[in-house]
Amino acid sequence: MKEYTYIMIKPDGVRKGLTCEIVKRIQDKGFKIELFDVRKLNADILAEHYSHLVDKPFYPTLRDFMLSDYVVPMLVSGENAVLGMRELMGPTNSADAEEGTIRGDFGNKSFVTENVIHGSDSLENALIEIKRFFDLDLTQGEEFNFNKSDKILEFF
Ligand code: DAT
Ligand code: MG
């Protein structure tokens with residue numbers, strides 16, 4: 001099935017100049033980048049995004065890192081995009097990630113927080129994250145249609 005997933009290059013990826021390399025890897029894997037943005041997050045949206053982690057002792061470090069610089073949010077689509085992107089990224093801890101994966105090649109193996117990229121972990125969470133970061137109501141399997149974007153409609 002054609003799936004949507006929410007991908008975000010984290011501040012370390014942007015600072016290391018990896019944006020285009022990561023875009024290339026996503027496209028070479030056969031996925032399509034439907035939307036691409038560059039922005040800074042605020043503490044509220046980050047706390048929503050990482051609501052499963054806000055009570056962890058490492059959350060302040062994670063928050064300060066994620067707010068430290070620009071991020072690159074992307075709406076990515078393709079066959080098996082959710083799991084396929086997680087495979088392309090590698091596991092959470094870059095020290096456990098194989099060579100050839102984005103985290104394995106570019107993540108900080110001494111500091112789990114700096115793992116370069118976020119990708120949704122389920123079909124359901126992908127839609128929640130796409131709504132959160134792009135304000136788009138998508139359904140898995142449906143065609144992406146620019147008319148769906150209120151923001152773009154307002155622009156024209
Ligand atoms: P993932 O990003 O692979 O989906 P996650 O949702 O469990 O992993 O965690 C989100 C981010 O939080 C992760 O990319 C890096 C950071 N993180 C997770 N576990 C951590 C830990 N034990 N110590 C420090 N940072 C952690
Ligand atoms: Mg996660």
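This note covers the ligand 1 site and the salt bridges of a predicted model.

1. Residues are numbered from 1 along each chain as its sequence is written, and chains are lettered from A and ligands numbered from 1 in the order in which they are written. Local features of this predicted model need pLDDT of at least 70, side-chain atom pairs count only at pLDDT 80 or more, and totals for chains, interfaces and linings use all residues, while side-chain values use heavy atoms, with hydrogens and water left out.

2. Around ligand 1 (a heavy atom within 4 Å) are K10, Y50, H52, L53, F58, L62, R86, T92, R103, V112, T113 and N115.

3. Polar contacts (N or O atoms within 3.5 Å) link oxygen atoms of ligand 1 to side-chain N or O atoms of T92 at 2.5 Å and N115 at 2.8 Å; a polar side-chain atom of H52 lies 3.0 Å from a ligand 1 oxygen. Of the 520 Å² of accessible area (Shrake-Rupley, 1.4 Å probe) that ligand 1 has on its own, the protein covers 78%.

4. The structure holds 12 salt bridges (a Lys or Arg side-chain nitrogen within 4 Å of an Asp or Glu carboxyl oxygen). One of them joins D69 and R15, N to O, at 3.1 Å. These partners are 54 residues apart, with D69 in the loop between α4 (59-66) and β3 (72-79) and R15 in helix α1 (residues 11-15); helices (H or I, at least four residues) and strands (E, at least two) are DSSP runs.

Methods. A polar contact is a pair of N or O atoms within 3.5 Å; within protein, one must be able to donate a hydrogen and the other to accept it, and residues adjacent in sequence count only if both atoms are side-chain atoms.
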